[in-house]
Structure formats: C-alpha cells, structure tokens
Amino acid sequence: MKKVSVLGMGYIGLPTACMLANRGFEVLGVDVDEEIINKLNFGKLHIEEPELERIFLKAFKNKKIKVSLELEKSDVFIITVPTPLNHQNKADLSYVINAVNKITDKIEKGNLVILESTSPPGTTRNIVGKIITDSTGLLAGKDYYLAFCPERVLPGKIIYELENNDRIVGGVDKKSAEIAKDIYKTFVKGRIFLTNLETSEFVKLAENTYRDINIAFANEISLICSDYGIDVWEVIKYANMHPRVNVLNPGPGVGGHCIAVDPWFILENTGRKDTLIEKSRNINNNMPFIISERIAKIVNEYKEPKVTILGFSYKENVGDTRGSPAIVINNELIKRGIKVSIYDPLVINTKCNLSSLEDSIDGSDLILLFSGHDVFKKIDLASVSDSMRNRNIFDTRNFFNEETVEKMGFIYYKI
Ligand SMILES: NC(=O)c1ccc[n+]([C@@H]2O[C@H](COP(=O)([O-])OP(=O)(O)OC[C@H]3O[C@@H](n4cnc5c(N)ncnc54)[C@H](O)[C@@H]3O)[C@@H](O)[C@H]2O)c1
C-alpha cells in the first residue's frame, strides 16, 4: 500500500490526510507547528470542522495516520501549506518553498508530488518543479510525477465537499495527472477532470475572482441605492426574479483566505493595470470602512458609546476569523473612541478578546450583526437587550426581521 505524506495539517491538509488514511493509505501528516502535532498525537483537534473529529479518530485509532514534525520517504507528497498575501498584494510562497525543500531530501524516482495550496499560475512548474530539479537533478514528468490539484471546499462543509465536489487535476504531463487522479478517486465521488498545470492553477483563481467581482457588484449597487434612498435588498429580490439574473448579497466586506486573496494572485506576473478585478477588490476592501463610518455617526451622539459586535468570523456558521472585515470594523471603531465588545460563540481564537453575550450587550448602544450565524436566531433579543443603554441594530446581512426588531423598540439600520 502506498505511503502518502501530507505537508500542512490545517483546514485542508488534515481532512485530506484523514480521507486517504481511511481509504487504506499509510498516511503521515507533517506540520511545522509543534503545538498542532502534540495535540493531534493526543487525539485532539486544533480546528473546528463538522465530521473531522470522527474521521480523524477513526484513522488515528486504526493507526493509518501518524503525525510528526519530520517528513519521511513516501510515494506521494501532498503540499497543503498556507499561501497568504504579502504587503505588496503578492503571494507569499515562503511556506510552499519551505515544504518543497523538505521534500527534496526525501524524494525518489517514481514519486508523485502534488501542490494543493492555491498559487499564482506557474508556481507548480517554476517554483516546486524547479526547486526539486535544482537540488536533486530529478526532472518532473521524466523521473517523478508532478501535479496541481486545487481545493474548492467550503469551510463548515469541508468533509462533505472533499468527497462530493468535482476536482480538476493539472499535470506536468498526462501521466502525472492520471497518477494524481488515481489517488483522488479513492475518496472523491465527484468527477475528476485532467488538464495541464497552469490551467488547473488558473481555474481555482478564476472561481474565487468571479465570486469577488459579483460581491463587489452587489456592494456597489448597495452604495448607489443608498444615494437614491432605495432599499438594495428589495432591488435584489426583484432583480433576481429575472430568469438570467442572480445578484449576490451586499455585505460588510469580503474576508477569509480565499476570495479576498485569490484575485490578487490572478493578476500577479501579468503587470496589468486598471482591471475590473482590482477595482472589485478595492470596493470590497472599502466596505468595512464605510460601515464603521456609518456606525460611528449613529453612536457618536451618545456619551462614551459602546458597540456590540455579534459574530466575528469572516462568514456565517464558521469560527475562522482570518481576514475577517470585523477586525477592521473593530479597529476603526476603537480608533474613533468607541468601546467595542465582541460575542461569537463559534470563534475559539483566544486572541479575539471575546465576551459572553450578556457582558457584550450590557450597557451597549448598538448591536452590529456581522456574521449571520444560525445560533444567533435563537437569541431572545427582547430580553437580552434590557441591559442595553440604547436600542440600535445595524444589520449587515439582512439577518433580522426589520418589523420584529422594531416592535422590540430597536431602531433598525441595514446596508
Ligand atoms: N481553508 C479553505 O477553505 C481553503 C479552501 C481552498 C483552498 N485553500 C488553500 O489551501 C492552502 C492551505 O490552507 P489551510 O486553510 O489548510 O491553511 P491552514 O493555515 O489551516 O493550515 C496550513 C498548515 O500548514 C502548516 N505549515 C506551514 N508551513 C509548513 C511547512 N513548511 N511544512 C509543513 N507544514 C507547514 C501550518 O503550520 C498550518 O498548520 C492555502 O493555499 C489555501 O489558500 C484553503
């Protein structure tokens, strides 16, 4: 049975490693973070994701997965390390480079290397392939197999989507793509399409850029609607009754480590200026500043104002705060001398300075609904808001029913 090493035990690497381990592969999960490795070795997870604990413990108890700081010789190496943006809006490929440097010590003829980390077009060939050839003399497509296989999973549904989504596998040559497909088809029920490296890298970026541009359109029309005093939500509802129109929802900005990041990767290495892609990024990046400004205007008429942020993760029903525009709003309000208190029962990141629901609402002048978590539907607003100083709600997601909250005595604001 083949041995697979997965480098990076995060949201993508750990579920992928578990899937393969439960399909009979001997899996080694590698990470540079000692705390993560120690936790996993105790059978404990460091991330929240439905079903993940179950499939991890199954693989762990059956001794099909082991985790370590050290990489070992393997038949297959899968790289799932972060590819964040740097300050110049370019891909920080240092994690990928570090991971490949580890692989160069272990790789042998006939092995397969797969990059899954979202990357600018050309990364698999010109960074991963080049480093391996430069340090080992092995040539991709001749001595070993090289592929790129992007991830398209939705946080909160990762396990389901890993199995059920279609996959695109790009190979340095046809054989590499076919060999990589053989690995994925052990657990993927969706279709698997084969193409070249650069196309598969681009497909992933195009998908997220498409989403970003469409969100920017919704955000832009929300701003234009407010110039006219028109309710954008009503406009979108009626516009979407057209059979070929599907306007997305406006919101307080785009966060996370995919949609807000990948559009920059698509532009990298092209030198193109004045693109729709860049303009859309800027519209979305500006939204948390616009929201902060509006909130400041509302609460600054009170003495020592306090705002409660409900939901701090970048989107609904997940606990991930990476790149969350709520962070920008929090900082902008604090800069304006406004006290901010945050309640998010899904976030386990202790750096976020969270409070209980009661403490965060106590003495508050405004509730800012940031992430529309389902659990917030169960909050009895009428009674918890008794301790508020002033009853204002700013709803960035069209989450509450306007009439209902107004009956509770709230002044209701929305995008
Ligand atoms: N999370 C998602 O929903 C999602 C979806 C699609 C694509 N992606 C992409 O997948 C990649 C991984 O994302 P993630 O969310 O799993 O990141 P993550 O931060 O959750 O996990 C990455 C892990 O890699 C480890 N790491 C860093 N350098 C390493 C190295 N040299 N060797 C071994 N481990 C190393 C980190 O310690 C971390 O635990 C990124 O490129 C991301 O853009 C993520």
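# Close-up views of the predicted model

**View 1. Polar contacts between the protein and the ligand.** A backbone N or O atom of Y11 lies 3.1 Å from an oxygen atom of the ligand. The model shown here and in the other views is predicted. A second backbone contribution comes from G8, which has an N or O atom of its backbone 3.4 Å from a nitrogen atom of the ligand. From the side chain of K102, an N or O atom is 3.2 Å from a nitrogen atom of the ligand. Of the 840 Å² of accessible area that the ligand has on its own, the protein covers 92%.

**View 2. The shell of residues around the ligand.** The ligand is surrounded by 27 residues, of which I12, D31, T83, T118 and H257 are the closest. Divided by class, this shell has 13 nonpolar, eight polar and six charged residues. Helix α4 (residues 94-106) contributes four residues, the largest share of the shell.

**View 3. T83, one of the residues closest to the ligand.** T83 is placed in the loop between β4 (76-79) and α4. T83 has a relative accessibility of 12% and therefore counts as buried, the cut-off being under 20%. At 2.6 Å, the side chain of T83 reaches the backbone oxygen of T118, and T118 is itself listed among the residues closest to the ligand. When residues up to four places away in sequence are not counted, T83 touches D92, L93, V96, S117, T118, S119, V261 and F265.

**View 4. The crossing of helices α5 and α8.** The axes of α5 (residues 123-136) and α8 (residues 197-228) come within 8 Å of each other and cross at roughly 115 degrees. On the α5 side, the contact is made by T123, T124 and R125; on the α8 side, by L197, E198 and E201. The residues of this contact comprise one nonpolar, two polar and three charged.

**View 5. P120, in the loop between β5 (112-115) and α5.** With a relative accessibility of 2%, P120 counts as buried. Leaving aside neighbours within four places in sequence, P120 is in contact with A91, L93, E201, L205, F265, E268 and N269. Among these, E201 also takes part in the contact of α8 with α5, while L93 and F265 are also touched by T83. From C-alpha to C-alpha, P120 and E72 are 28 Å apart in space, with their positions 48 residues apart in sequence.

**View 6. T16 in helix α1.** Helix α1 spans residues 13-21 and includes T16. The relative accessibility of T16 is 0%, so T16 counts as buried. Apart from neighbours within four places in sequence, T16 is in contact with E116, E151, L162 and F187. T16 and V6 are 10 residues apart along the chain, and their C-alpha atoms are separated by 8.0 Å.

**View 7. The buried residues of helix α12 and their cover.** Helix α12 runs over residues 325-335, and its buried residues are P325, A326, I329, N330, E332 and L333. An α-helix has 3.6 residues a turn, so residues three or four places apart point the same way. The elements that cover the buried residues of α12 include α11 (276-299), β9 (306-310), β10 (339-343) and β11 (366-369). G337 follows α12 and has a positive phi, near 80 degrees.

**View 8. T321, in the loop between β9 and α12.** T321 is buried, because its relative accessible area is 8% and the cut-off is under 20%. Not counting residues up to four places away in sequence, T321 touches F312, S313, Y314, I327, V347, N349 and C352. One of these, I327, falls within the residue range of α12, 325-335.

**View 9. D365 and its polar contact with R389.** D365 is found in the loop between α13 (357-361) and β11. A relative accessibility of 0% is the reason that D365 counts as buried. The side chains of D365 and R389 make a polar contact at 2.7 Å. Residues up to four places away in sequence aside, D365 touches V299, Y302, E304, P305, K306, M388, R389, N390, R391 and N392. The C-alpha atoms of D365 and E72, which are 293 residues apart along the chain, are separated by 57 Å.

How values were computed:
Residues are numbered from 1 along each chain as its sequence is written. This is a predicted model: local features need pLDDT of at least 70, side-chain atom pairs count only at pLDDT 80 or more; totals for chains, interfaces and linings use all residues. Side-chain values use heavy atoms; hydrogens and water are left out. Buried means under 20% relative accessible area, exposed over 50%, partly exposed in between (1.4 Å probe, protein chains only). Helices (H or I, at least four residues) and strands (E, at least two) are DSSP runs, numbered from the N terminus. Contact means heavy atoms within 4.5 Å. A residue is near a molecule or strand if one of its heavy atoms lies within 4 Å of it. A polar contact is a pair of N or O atoms within 3.5 Å; within protein, one must be able to donate a hydrogen and the other to accept it, and residues adjacent in sequence count only if both atoms are side-chain atoms. Accessible areas come from the Shrake-Rupley method with a 1.4 Å probe; for residues, only the protein chains shown count as cover. Ala, Val, Leu, Ile, Met, Phe, Trp, Tyr, Cys and Pro count as nonpolar, Asp, Glu, Lys and Arg as charged, and the others, Gly among them, as polar. Axes are lines fitted to C-alpha atoms, for helices over the stretch in contact, and angles run from 0 to 180 degrees between N-to-C directions.
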